[in-house]
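Colleague: I have this model open on my screen and would love a guided close look at one part of it. Could you take me through the aromatic residues and the packing around them?

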Amino acid sequence: MSAGELACIYSILMLHNDGIAITAEKINTILKAAGVTVESYWPSLFAKLAQNKSIDDLVLNVGAAGGAAVAVSALAAAAAGGAAAAAAAAAEAKKEEAKEESDDDMGFSLFD
């Protein structure tokens, strides 16, 4: 993932956190203030993502699927038109999480 993509993601999160409508112009303003240069299509692509998806749902669902790295990749995949791939990755991570063994199954405990 490029620095430009990450900068756009952070811009969306900042705007959402402040309750400001997410537009390509506002993302560009934040990027310019931060001194980050990105490809010209990234801000509009991420703005379209923010209009079509709930940022709260993306953040909350991805956090339950396995971590920040998955969150960033899911946002980038959804922005690039791969929402189905992000959903599949989240479902796979959820399956792996369900397969974890509990400490009770190991046959010993810390205080034996």
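Modeller: Happy to. Ring pairs link Y41, W42 and F46 into a cluster, so let us start there and work outwards; please keep in mind that this is a predicted model.

The structure holds two aromatic pairs. In one of them, the rings of Y41 and W42 have centres 5.1 Å apart and planes at 40°, so this pair is tilted. The other joins W42 to F46: here the ring centres are 5.6 Å apart and the planes meet at 45°, so this pair is tilted too. If you wonder how a tilted pair is told from the alternatives, planes under 30 degrees apart would count as stacked and planes over 60 as edge-to-face. W42 and F46 both sit in helix α3, four residues apart, which puts about one helical turn between them.

How buried or exposed is each member of the cluster? Y41 has 45% relative accessibility and therefore counts as partly exposed. W42, at 11%, counts as buried. F46 is buried, with a relative accessible area of 0%.

F46 also takes us into the protein interior. The largest nonpolar core has 16 residues, and F46 is listed among those with the most contacts inside it, along with C8, I12, I22, I27, L31 and I55. Four helices give two or more residues to this core: α1 (3–17), α2 (24–34), α3 (42–52) and α4 (55–65).

I27 is a good residue to click on next. Leaving aside residues up to four places away in sequence, I27 touches C8, S11, I12, L15, I22, P43, F46 and A47. F46 of the aromatic cluster is thus one of the residues that I27 touches.

Now for the helices around this spot, beginning with α3 and its partners. α1 and α3 pack at an angle of about 40°, with 10 Å between their axes. That angle makes α1 oblique to α3. On the α1 side the contact is made by E5, C8, I9 and I12, and on the α3 side by W42, P43 and F46. Two members of the aromatic cluster, W42 and F46, therefore take part in this contact. α1 passes α3 in a right-handed crossing.

Helix α2 meets α3 as well. Their axes lie 8 Å apart, at an angle of about 130°, and the two helices are therefore oblique to each other. A24, I27, N28 and L31 of α2 make this contact with P43, S44, F46 and A47 of α3. So F46 appears again here, as does P43. The crossing of α2 past α3 is right-handed.

To complete the picture, turn to α1 and α2. These pack at an angle of about 110°, with their axes 9 Å apart, which makes α1 roughly perpendicular to α2. This crossing, too, is right-handed. Where do the two helices meet? A7, C8, S11, I12, M14 and L15 in α1 meet K26, I27, I30 and L31 in α2.

Two residues on these helices are worth a look for their surroundings. M14 lies in helix α1 and is partly exposed, with a relative accessible area of 43%. Its C-alpha atom is 9.1 Å from that of I30, a residue 16 places away along the chain. A34 is found in helix α2, and with a relative accessible area of 54% A34 is exposed. The C-alpha atoms of A34 and A7 are separated by 8.9 Å, with their positions 27 residues apart along the chain.

Finally, a step back to the chain as a whole. The protein chain has six helices and zero strands, and in sequence order the pattern reads α-α-α-α-α-α. Of its 112 residues, 26% count as buried; W42 and F46 belong to that buried group. Among contacts between residues at least 6 apart in sequence, 56% join residues that are at least 24 apart.

If you want one view to keep, centre on F46: its ring pairs with that of W42, its relative accessible area is 0%, and it has a part in the contacts that α3 makes with α1 and with α2.

Technical notes
Residues numbered from 1 in each chain as written. Predicted model: local features only at pLDDT ≥ 70, side-chain atom pairs only at ≥ 80, totals over all residues. Heavy atoms only, no water. Core = buried A, V, L, I, M, F, W, Y, C linked by side-chain atoms within 4.5 Å. Buried < 20%, exposed > 50% of the residue type's maximum accessible area, 1.4 Å probe, protein only. Contact = heavy atoms within 4.5 Å. Phe/Tyr/Trp six-rings, centres within 6.5 Å; stacked < 30°, edge-to-face > 60°. Axes fitted to C-alpha atoms, helices over the stretch in contact; angles between N-to-C directions. Parallel < 35°, antiparallel > 145°, perpendicular 65-115°, else oblique. Left-handed = near helix turned anticlockwise from the far one by under 90°.
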